[in-house]
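Let's take a walk through this model together, starting with its charged side chains and moving on to a helix and two buried residues. Please keep the viewer open as you read.

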Amino acid sequence: MHIIQASLHHTPELLSPLAALLGQGSAVTAGNFDGLHLGHQSIITALKEEAARLGLPSALITFSPNPRLFFRRAGGQGASGSQGASGGQGGSGGQWPSGGQGPSRGQEIPAGAETAETAEAGGMGGAAAPAASRPTAAPTAADSAARDLTPLPQKLEMLEALGVDITLVLKFDQELADQEAEAFIRGFLLPVLRCRSVVAGYDCSFGKGREGNADLLRRVAQTLPAGQGFSVREEAPLLVKGEPVSSTRIRKLLLAGEIADLPALLGRRYTVFGPVVEGYRRGGPLLGFPTANIRADDYFLPAQGVYATFVEMGGKLWPSVSSLGFNPSFGNQSISLETHILDFSGDLYGQNLTLHFVERLRPEQRFNSLEDLKRHIQLDIDHARRIFAAI
């Protein structure tokens, strides 16, 4: 797959490198494609069918940063009255540019217990982490909402695996946010991508004020001279249990901790990817359950709690139990994601791990003593093993 990163400002510079790739034109779709769920995949299947029908490459436009994040930083829905599309949050197809339960009450384990840390059993620990390298402050609700289900590097890997020929990553900036829909068609899709077919989701909207849609695409196509126009293929929503598959629906399930329902929408388990970093080093020395602390700052994370998970490393899936939250028994002020890999011993610091969420075991809780906490951790492990045995 060819990946090109640019902005509207660099449109002239795009013409040369794209010319050799496009030949006589392309089949095009566009959107944020956050999550690359089954609805998005149906759009990409349609895109590839159109490309094959025309004998042209498939071209997909996506955006960076996430338009949600751009407008949040801009202090609302964009300056100059502009508004971007939801980036694939509201429907199954390409949208064009335009907590879990709290801890239970109980006596907090003394903070001094944290100082009883020694080398962590199982080899996943190390020296106590300095404050600067420990998990960062918890994100606000707005921060979390702006995060991606699939950050750009993961999205690009998945698009390549899905067989897209060309992915154009457009910088989402004020210039793009202010772009009129028809100007985007006539000034970008036609001269830059030489579009001969456009695949749109059922709720496609794009351009300033979300004025663009599939009907506008058809109207513009009808004004073009013979041989220079393009077809428009509008895809119906993909329904699961009677409702459209959408990124918004997936986010709601994540916030509710309803992880087991996600594969039916994503076509896979929900995953996050990140490096193993220094944590608070309580898992092995204090509790007897060594953990790997995964930094997944760019991801939209599920509700706080304890989860049955798989850790992917070395081409193998390792059963694990993961805790996401503030560790209320220790009174942490920062959120962390830590996983105890079952039947594993080894040093994982610095390695990048993929964590697959399988099922939520329980919400985050505060326990009155270390012994009570350790007993519940063992119960979580036993529960997770039963889930893994049934898979």
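A salt bridge here is a side-chain nitrogen of Lys or Arg within 4 Å of a carboxyl oxygen of Asp or Glu. By that rule, Glu50 and Arg53 form a salt bridge through their side chains, with 2.7 Å from N to O. Please bear in mind that this is a predicted model.

**Salt bridges**

Across the whole structure, a search turns up 14 salt bridges. Three of them are set out below.

| Salt bridge | N to O distance |
|---|---|
| Asp34 and Arg251 | 2.6 Å |
| Glu50 and Arg53 | 2.7 Å |
| Glu50 and Arg233 | 3.4 Å |

Glu50 and Arg53 share helix 2 (residues 38–54), where they sit 3 residues apart, about one turn of the helix. Glu50 also pairs with Arg233, at 3.4 Å. These residues belong to a wider network of salt bridges that links Glu49, Glu50, Arg53, Arg233 and Glu235. Within that network, Glu50 counts as buried because its relative accessibility is 8%, under the 20% cut-off. Arg233, at 24%, counts as partly exposed.

In the pair of Asp34 and Arg251, are the partners buried or exposed? Asp34 is buried, with a relative accessible area of 0%, and Arg251 is buried as well, at 5%.

**A buried aspartate without a salt bridge**

Asp173 lies in the loop between strand 4 (166–171) and helix 6 (174–177). What is the nearest side chain of opposite charge to Asp173? That side chain is Lys171, 4.8 Å away, and Asp173 is buried yet has no salt bridge. The reasoning is short: the pair does not count because a salt bridge requires the two atoms to be within 4 Å. The side chain of Asp173 does reach the backbone nitrogen of Leu176, at 3.0 Å. Leaving aside residues up to four places away in sequence, Asp173 touches Ser7 and Phe70.

**A buried arginine in strand 14**

Arg362 is part of strand 14 (residues 352–363). This arginine is buried, with a relative accessible area of 13%. Its side chain makes a polar contact of 2.8 Å with the side chain of Asp380. Beyond residues up to four places away in sequence, Arg362 touches Gly305, Val306, Phe367, His376 and Asp380. Arg362 and Ala308 are 54 residues apart in sequence, while their C-alpha atoms are 9.8 Å apart in space.

**The two sides of helix 1**

Helix 1 covers residues 11–22, and its residues Thr11, Leu14, Leu18 and Leu22 are buried. Viewed down the helix axis, the buried residues of helix 1 fall within an arc of 50°, so they line one face of the helix. Their cover includes strand 1 (2–6), strand 2 (26–30), strand 4 and helix 7 (181–189). On the other side of helix 1, Pro12, Glu13, Ser16 and Ala20 are exposed. After helix 1 comes Gly23, which has a positive phi, near 60°.

**The chain as a whole**

Stepping back, the chain has 11 helices and 14 strands. Of its 391 residues, 53% count as buried. The accessible surface of the chain comes to about 16100 Å², and carbon and sulfur atoms account for 52% of that surface.

Technical notes. Residues numbered from 1 in each chain as written. Predicted model: local features only at pLDDT ≥ 70, side-chain atom pairs only at ≥ 80, totals over all residues. Heavy atoms only, no water. Helix = DSSP H or I, 4+ residues; strand = E, 2+ residues; numbered from the N terminus. Buried < 20%, exposed > 50% of the residue type's maximum accessible area, 1.4 Å probe, protein only. Lys, Arg positive; Asp, Glu negative; His and termini not counted. Polar contact = N/O pair within 3.5 Å; in protein donor to acceptor, adjacent residues only side chain to side chain. Contact = heavy atoms within 4.5 Å. Areas by Shrake-Rupley, 256 points an atom, 1.4 Å probe, with all protein chains shown as cover. Arc of directions from axis to C-beta.
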